[in-house]
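Thanks for sharing this one with me. Have a look at the structure below, and then we can walk through it together.

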Amino acid sequence: MNTVQARIPRWIGGYQPQPATRWPESAAAKPAPEAEEKTFQLTADESARFFRVVAECGRIRRHYDIYRWLGGEVQHFLPHEILLSAWGDFDSWDVKLDLTSALPGVRTGQLAHCRADSLVRQAYARWIEARRTPVLLKAADTEALEPGCHCAIHAALRTMRSVLIHGVHDKRSGQDSLFIAYTCGSFTKGRSLARFTSLLEPLVAQVDAAFRKVPAFPVNDARYALREGNVLDLSTREMEVLEALCRGRTNLEIAATLDISPFTVKNHVQRIFRKIGVTNRTQAAARYTEAVRQAALALATRKGEEPAALATQAA
């Protein structure tokens, strides 16, 4: 067989950590045991694929480039349908999010009204407990899918089978980049776990480098710009009700959150529907998402980001 010997260098880890398969019951995570350095064989095809991954990463300039790159050769080493990335200061939760997927409606723009914070917090905690080594989970073992939320992102996450959590720690700034990959199948696809994880470190380093080459999608800025610009001609309270409505909250839940009566919420909802020209909650959520998308594009134009790239992410 035409093969190439590939020794995993020490700069990507002198041992192959065994990813966890479920959330731990104990509070403290045990460090992975040291193992002898292993030699893995890459076929000529795999070697060529990985070199193309590296070369194409160097040409990334836009969000759309990342979308295409992740859907190409990267899929051979890390098959996934959804990749959620988070980076920043996790201790103070000054964190930005980005999402890449080809699934309908699963776009970064959706995070404007459904950020999936609890999911990211839980994933980050699990990664830290595993001493920043790869974590493999069954999707059913995660408990942060917000069953009350009916947005496209959470609907897609409920169809996933496996979750992979890994990231990069920047020792100069002390901050982390976290990547959460979801697939409806298997990450290993018949390969041994050791063989699969052997290339995770260099691959995740390339993913981190790719995301660092483009500005963050202005999800929060777009949401605030939408409020300040009053594009939908809604009051501050009506915007709060609309955002809660878009997260799948009932009138009773909105009333409890905003400390107002359910009757008042009902009146707000009816006024919102009239003002933005819709007749139900689904249409209202779609109208809000479109308004956020337009705000993001306008904001990106002012900041010099290429509108076409952002449109793909927000659509």
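Here are my notes on the sheet and on the helices that lie across it.

1. A quick reminder before you start: this is a predicted model.

2. Begin with the sheet. Five strands make up an open sheet, in the order β4-β3-β7-β6-β5, and their pairing is antiparallel. At the edges sit β4 (94-101) and β5 (135-138), each of which pairs on one side only. From one strand to the next, the twist averages 20 degrees. As general background, strands of a sheet pair through backbone hydrogen bonds, either parallel or antiparallel.

3. Now follow β6 (residues 162-169). With β7 (residues 176-183), strand β6 pairs over eight bridges, and four bridges join β5 to β6. Ile165 is a nice residue to find: Ile180 in β7 stands opposite Ile165, and so does Val135, with Ile165 placed in β6. Six of the eight residues of β6 are buried, so this strand is largely enclosed by the rest of the structure.

4. Next, look at the hairpin of β6 and β7. His169 has Asp176 in β7 as its bridge partner. Six residues lie between the two strands, and Gly174 takes a positive phi near 80 degrees.

5. Which strands does each helix lie across? Helix α4 (residues 117-129) lies across β3, β4, β5, β6 and β7, at about 110 degrees to β7. Helix α2 lies across β3 (82-89) and β4, and runs at about 55 degrees to β4.

6. Finally, stay with α2 (residues 63-70), where His63, Asp65, Ile66, Trp69 and Leu70 are buried. Viewed down the axis of α2, these buried residues fall within an arc of 155 degrees, so they line one face of the helix.

Key: Residues numbered from 1 in each chain as written. Predicted model: local features only at pLDDT ≥ 70, side-chain atom pairs only at ≥ 80, totals over all residues. Heavy atoms only, no water. Buried < 20%, exposed > 50% of the residue type's maximum accessible area, 1.4 Å probe, protein only. Arc of directions from axis to C-beta. Pairing = 2+ DSSP bridges. Axes fitted to C-alpha atoms, helices over the stretch in contact; angles between N-to-C directions. Contact = heavy atoms within 4.5 Å.
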